[in-house]
Amino acid sequence: AYLFAFEETPAEIDDDGSPILTRADGQQDDAGELTLEDLSVVTLPPGRKVTTKVPARPNQAFDGFVMAFSRQVGAALDVPYEVLLKHFTASFSASRGALELAYKVAMIEQEWFIRCVIDPVREWQFTEMVARGRFDAPGFFEDPVQRAAWLGRMWIGPTRVQLNPAVEANADATDLQNGVKTREQIMTERTGGDFDTKSRAWLRENEKVGAPGVPPPLSPSEPDPASPAPRERRSAITGARIVQA
């Protein structure tokens, strides 16, 4: 950063035709050391040149090195490098395969966490509630089978990452039609939530707006366009308006 430029002057020739080499003017002290200041212009002795090495940064091989290193780290952690780097540039099949492998590893870790942490805490809490009388669980302390039934659970974790929701929804519809999957399984894997709660909400929505793909029912105040227009007349006795469909 201190060196601004180098000045080179022609070499002086002696009587024999040999160049006369002298030291730089103004930049060297009595001890022969070169002194530099900001934006220095250095005069070199005749016949001498300065070559500097310019570091090439960033290195062009950096990306390839990181990708190769990430593949090795992902293989050691059982995590595909696409998921490790969140870098999905391959085809849909390759990206989906990487996500499926990562999901299986996550499910193994999730089952371990449920078995070793969540289930024991839930059992302690449930046992205390029954012992204090806050929850009635017949046979909980007497029958181990009934105790296991009362402690039955299904923990629903985060859903899978969907690269193409339309393709995956069509695949789930085909699996449901062939009997490979259930609605509860599809809901747990794709959207999450409780099946019973969503089913009750789905029925309430159907009562109000109709089933999916079916036009919603007309409100009582809205006339049916397919029926003839109602006829109106006045009562001869009270003068009230009478609408006759």
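**Exercise 1. Burial and overall layout**

Find what share of the 245 residues in the protein is buried.

*Solution.*
Step 1. Fix the term: buried means under 20% relative accessible area, exposed over 50%, and partly exposed in between (1.4 Å probe, protein chains only).
Step 2. Read off the share: buried residues make up 14% of the 245 residues.
Step 3. Know the source. The model is predicted, so local features need pLDDT of at least 70, side-chain atom pairs count only at pLDDT 80 or more, and totals for chains, interfaces and linings use all residues. Residues are numbered from 1 along each chain as its sequence is written, and side-chain values use heavy atoms, with hydrogens and water left out.
Step 4. Add the surface. The accessible surface comes to about 19500 Å² (Shrake-Rupley method, 1.4 Å probe; for residues, only the protein chains shown count as cover). Carbon and sulfur atoms hold 57% of that surface.

**Exercise 2. Order of elements**

State how many helices and strands the protein has, and in what pattern they follow.

*Solution.*
Step 1. Define the elements: helices (H or I, at least four residues) and strands (E, at least two) are DSSP runs, numbered from the N terminus.
Step 2. Count: there are 7 helices and 6 strands.
Step 3. Read along the sequence: the pattern is β-β-β-β-α-α-α-α-α-α-α-β-β.
Step 4. Look at contacts, meaning heavy atoms within 4.5 Å. Of those between residues at least 6 apart in sequence, 40% join residues at least 24 apart.

**Exercise 3. Serine 70**

Decide whether serine 70 is buried or exposed, and list what surrounds it.

*Solution.*
Step 1. Place the residue: serine 70 sits in helix 1 (residues 62–77).
Step 2. Apply the cut-off: serine 70 is buried because its relative accessibility is 7%.
Step 3. Follow the side chain: it reaches the backbone oxygen of valine 66 at 2.8 Å.
Step 4. Leave aside neighbours within four places in sequence. Serine 70 then has contacts with Tyr81, Leu84 and Leu85.

**Exercise 4. Positive phi in two loops**

Locate aspartate 78 and lysine 86, and give the phi of each.

*Solution.*
Step 1. Recall the background: most residues other than glycine have a negative phi.
Step 2. Take aspartate 78. It lies in the loop between helix 1 and helix 2 (81–85). Its phi is positive, about 60 degrees, although it is not a glycine. Aspartate 78 counts as exposed because its relative accessibility is 51%.
Step 3. Take lysine 86. It lies in the loop between helix 2 and helix 3. Its phi is about 55 degrees, again positive in a residue that is not a glycine. Lysine 86 counts as exposed because its relative accessibility is 73%.

**Exercise 5. Two pockets**

Give the volume and lining of the largest pocket and of the second largest pocket.

*Solution.*
Step 1. Define a pocket. On a 1 Å grid over the protein atoms alone, it is an open set of points where a 1.4 Å probe fits, with protein on both sides within 12 Å along at least five of seven lines; lining residues have an atom within 4 Å of a point. Grid points are joined across faces, edges and corners, and the volume is the space filled by probe spheres set on the points.
Step 2. Take the largest pocket. It holds about 330 Å³. Its lining has 15 residues, and Ala102, Tyr103, Ala106, Thr159 and Arg160 lie nearest its centre. Helix 3 (residues 92–131) gives the largest share, 9 residues.
Step 3. Take the second largest pocket. Its volume is about 260 Å³. It too is lined by 15 residues, with Tyr103, Met107, Gln110, Trp155 and Thr188 nearest its centre. Helix 3 gives the most, 5 residues.
Step 4. Sort by class. Ala, Val, Leu, Ile, Met, Phe, Trp, Tyr, Cys and Pro count as nonpolar, Asp, Glu, Lys and Arg as charged, and the others, Gly among them, as polar. The largest pocket has 10 nonpolar, 2 polar and 3 charged residues. The second largest has 7 nonpolar, 4 polar and 4 charged.

**Exercise 6. Helix 6 and what follows**

Name the buried residues of helix 6, then describe glutamate 184 and glycine 193.

*Solution.*
Step 1. Ile186, Met187 and Glu189 are buried. Their cover includes helix 5 (165–178) and helix 7 (195–209).
Step 2. Glutamate 184 lies in helix 6. It is partly exposed, at 36% relative accessibility.
Step 3. Glycine 193 lies in the loop between helix 6 and helix 7. Its relative accessible area is 34%, so it is partly exposed.

Methods:
Polar contact = N/O pair within 3.5 Å; in protein donor to acceptor, adjacent residues only side chain to side chain.
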